[in-house]
Amino acid sequence: MHLSGQLTDWSISDLLQIMQVTTKTGSLDIEGDRRGRVHFKDGEVTGADLTGAEGSYLDAGRGGVADVLYVLSTLETGSFSVGPADGPDTPGWTVEDVMADVDALKALEGEVIEAGLFEAAGVRIVPEISDPIEISSEDWTIIASLVQPFTFNHLETTMGRGNAVRVFHALHRLGVAEVVVGDEDESEWLDRLADDISPESGEPTSVEHVEEEAEELLTPEPNPEPVLEPVLESVPEPISANVVELEKAEVRGVSAPASTTLTDGVYDEIRRLRSKVADQ
């Protein structure tokens, strides 16, 4: 049976009924503002797909088929034709069952339109509720998909540290938070960890500690032996000036916050200064 025509003469529901009554096996193509295809086997709906500007959407599940037919049923103009079957070769559903799902979606749409949500410039979740609510797992999946990943620093910036802590604690207590794993390579984690650890003590080292150590290294140790006096007096003026300049540069170099950690390169430089002072 060859069937084709215009949607102005036949509704989507009528076409589905014809395919079911004639126990047709084939694919019903719809061409209009939206393009879609509904697949049948022995008069039962086995799948449907929808083609738009962003690509094709194919679904062989009953809910997905209802979604496609829900969109196609809004078309009032266009053409249709029935061709060879190229959909899933699996048991399907009756037209009545699928259209019942479509009618349920249309009823939900009516409530959404009546609430003014369709034409709103934006929609957000209310910040407070008067009574506790229960959410089904399906509804929770939908709500969770609306929330993009966020970080503690982001929440702290927008709502303050205390509120950010409360939010994260609540999410953790409810068991609805999970860590987003980044693309950072494991070796990068280890390298950064090594940089944050003192090579001598195995503990994080702050600039305050290094400032004290540098002061020790650059300050000559007191020695009661008088032999040191002529040695210090005999140091040429340019070298003495260099040492003073080095001290000034070192003081300027440790003006970072106390939380700053040091890499091995800084320790190497401190050892080099110790050796230079010892040589002098």
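In this predicted model, Phe168 has a relative accessibility of 31% and therefore counts as partly exposed, since that class lies between the limits of under 20% for buried and over 50% for exposed residues. Phe168 takes part in an aromatic contact with Phe152, in which the ring centres are 5.5 Å apart and the planes stand at 65°, so that this pair is edge-to-face. The contact connects distant parts of the chain, with Phe152 in helix α5 and Phe168 in helix α6, 16 residues apart. Phe152 is likewise assigned to the partly exposed class, its relative accessible area being 23%.

The structure holds 2 aromatic pairs in total. In the other, the ring centres of Phe150 and Phe168 are separated by 5.9 Å and their planes meet at 80°, so this pair too is edge-to-face, the class given to planes over 60 degrees apart. Here again distant parts of the chain are linked, because Phe150 belongs to the loop between α4 and α5 whereas Phe168 belongs to helix α6, with their positions 18 residues apart in numbering. For Phe150 the relative accessible area is 36%, and the residue is therefore partly exposed. Taken together, Phe150, Phe152 and Phe168 make up one aromatic cluster.

The largest pocket of the model encloses about 1600 Å³ of space. Its lining comprises 31 residues, of which Trp140, Val147, Phe150, Leu171 and Val176 are the closest to the pocket centre. Two or more lining residues are given by each of the elements α4 (137-146), α5 (152-159) and α6 (161-174), and the largest share, 5 residues, comes from α6. When the lining of the largest pocket is divided by class, 25 residues are nonpolar, 3 are polar and 3 are charged.

Elsewhere in the chain, strand β2 (residues 26-31) has 5 of its 6 residues buried, so this strand is largely enclosed by the rest of the structure. Strand β2 runs antiparallel to strand β3 (residues 35-41), to which 6 bridges join it, and the connection from β2 to β3 is a hairpin of 3 residues. Within this pairing, Gly26 lies opposite Phe40 of β3. Strand β2 also pairs in the antiparallel sense with strand β6 (residues 79-83), in this case over 5 bridges, and Ser27 has Gly83 as its bridge partner in β6.

How values were computed. Residues numbered from 1 in each chain as written. Predicted model: local features only at pLDDT ≥ 70, side-chain atom pairs only at ≥ 80, totals over all residues. Heavy atoms only, no water. Buried < 20%, exposed > 50% of the residue type's maximum accessible area, 1.4 Å probe, protein only. Helix = DSSP H or I, 4+ residues; strand = E, 2+ residues; numbered from the N terminus. Pairing = 2+ DSSP bridges. 1 Å grid on protein atoms, 1.4 Å probe; cavity = no way out; pocket = protein on both sides within 12 Å on 5 of 7 lines; lining within 4 Å. Points joined across faces, edges and corners; volume = space filled by probe spheres on them. Nonpolar A, V, L, I, M, F, W, Y, C, P; charged D, E, K, R; others polar. Phe/Tyr/Trp six-rings, centres within 6.5 Å; stacked < 30°, edge-to-face > 60°.
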